[in-house]
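Thank you all for coming. I would like to take a few minutes to walk through one chain with you, beginning with the overall layout and then turning to some individual residues.

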Amino acid sequence: MLSAPDDAGRPLFAAKDINKFYLDHCPSIFPQASKGPLGLMRSMMGPKYNGEYLHTVVKKLLGDTRVGDTLNNVVIPTFDIKLLQPTIFSTYNLCDAMKDKSKNALLSDVCISTSAAPTYLPGHHFQTEGEDGTPRQFNLIDGGVAANNPLYNRGAAPIIDSFSQASADLVDIHASVLFQALHCKKRYLRIQDDELKGETASVDVSTPENLNRLVDVGKALLKRQVCKVNAETGKNEPDQNRGTNEEELVIFARMLSKERKARLQKEGDVEF
């Protein structure tokens, strides 16, 4: 949603708006009435939450914006539960919304799909059309079941936690090794607290107290030194050759801004 344009062609949201969005909407997306015995009964019959509020908010905010309208290149993983394979929505060449009209879906449908965490929110069905008008059906859930990074749910049952953590760690190790092999390891930055416990590690505890604790966790993470994963232990260890997460994010922002300006200059779209 950070890449969605507003009416003036500027970002619809800034990074600073994320906290407010969660604080305002999480209690309605994950109503705490679904906890306890009632929540347990619902989880046996299907997703704990119906997702209606989330769908309404996302569709209202994003309107008719499509994947191809995003201001930046995006890669959004989902998983099709009928085809039993990942479905990637991307603006890059290999899976380009501009080249495959059927993948140039409404951004709201894609966001709802990639947010549909199994057992918590229902899968999302929608339909698009190809260049020749042929309909294409999508039946999607959170892509984290196939490409999970960061970790999906540290508060799950052991077997579920094992599957999700294995997926997350493999992605992290693969990315870390790849960036090292390409001699650009400082261009890979993963910020994660892998020591969360209790309610802060839960996916859906949306009480004001817990949400504010999570805000504090995020602020504390900014002040920590950048970490890298130890491939043998799976633990995050401080990278002595880099600064804090906050400092690295500033470096990344400058680097991305410089790269974008260079690309626009090359395309001849703007002058600097």
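What follows is a description of the fold, then of one helix, then of the aromatic rings, and lastly of two loop residues.

Please keep in mind throughout that this is a predicted model. The protein chain has 7 helices and 6 strands, and if you read along the sequence you meet them in the pattern α-α-α-β-β-α-β-β-α-α-β-β-α. Of the 272 residues in the chain, 34% are buried. If we take the contacts with a separation of 6 or more, 54% of them are between residues 24 or more positions apart. The chain exposes about 17,000 Å², and carbon and sulfur atoms supply 56% of that area.

Let me turn to the helix that ends the pattern, α7, which runs over residues 245-267. How far apart should its ends be, at 1.5 Å a residue? The expected span for its 23 residues is 33 Å, and the end C-alpha atoms are indeed 33 Å apart, so the expectation and the model agree. Within α7, the residues Asn-245, Glu-248, Phe-252 and Leu-264 are buried, and the buried residues of this helix pack against α6, residues 208-223. As a general reminder, an α-helix has 3.6 residues a turn, so residues three or four places apart point the same way. Just after α7 comes Gly-268, which takes a positive phi of about 75°.

Now to the aromatic rings, of which a search of the whole structure finds 6 pairs. One of these joins Phe-21 and Tyr-22, whose ring centres are 6.1 Å apart and whose planes meet at 85°, so the pair is edge-to-face. Is Phe-21 buried or exposed? Phe-21 has a relative accessible area of 18%, and because the cut-off for buried is under 20%, Phe-21 counts as buried. Tyr-22, by contrast, is partly exposed, at 48% relative accessibility. A second example is the pair of Phe-126 and Phe-138, which is stacked, with 5.0 Å from centre to centre and 20° between the planes. Phe-126 lies in strand β3, residues 124-129, and Phe-138 lies in strand β4, residues 135-142, so this pair ties together parts that are 12 residues apart in sequence. Both Phe-126 and Phe-138 are buried.

Returning to Tyr-22, I would point out that this residue sits in helix α1, residues 18-29, and that ring pairs link it with Phe-13 and Phe-21 into a cluster. Tyr-22 also contributes, along with Leu-2 and Ile-18, to a nonpolar surface patch of about 270 Å².

Finally, there are two residues other than glycine whose backbone I would like you to look at. Leu-84 has a positive phi, near 55°, and is found in the loop between β1, residues 75-80, and β2, residues 85-90. With a relative accessible area of 63%, Leu-84 is exposed. Which value does phi take at Thr-119? Phi of Thr-119 is near 75°, again a positive value, and this residue belongs to the loop between α4, residues 107-114, and β3. At 51% relative accessibility, where the cut-off for exposed is over 50%, Thr-119 counts as exposed.

How values were computed. Residues numbered from 1 in each chain as written. Predicted model: local features only at pLDDT ≥ 70, side-chain atom pairs only at ≥ 80, totals over all residues. Heavy atoms only, no water. Helix = DSSP H or I, 4+ residues; strand = E, 2+ residues; numbered from the N terminus. Expected span 1.5 Å × (residues − 1). Buried < 20%, exposed > 50% of the residue type's maximum accessible area, 1.4 Å probe, protein only. Contact = heavy atoms within 4.5 Å. Patch = residues over 30% accessible without salt bridge, like charges linked within 9 Å, V, L, I, M, F, W, Y side chains within 5 Å. Areas by Shrake-Rupley, 256 points an atom, 1.4 Å probe, with all protein chains shown as cover. Salt bridge = Lys/Arg side-chain N within 4 Å of Asp/Glu carboxyl O. Phe/Tyr/Trp six-rings, centres within 6.5 Å; stacked < 30°, edge-to-face > 60°.
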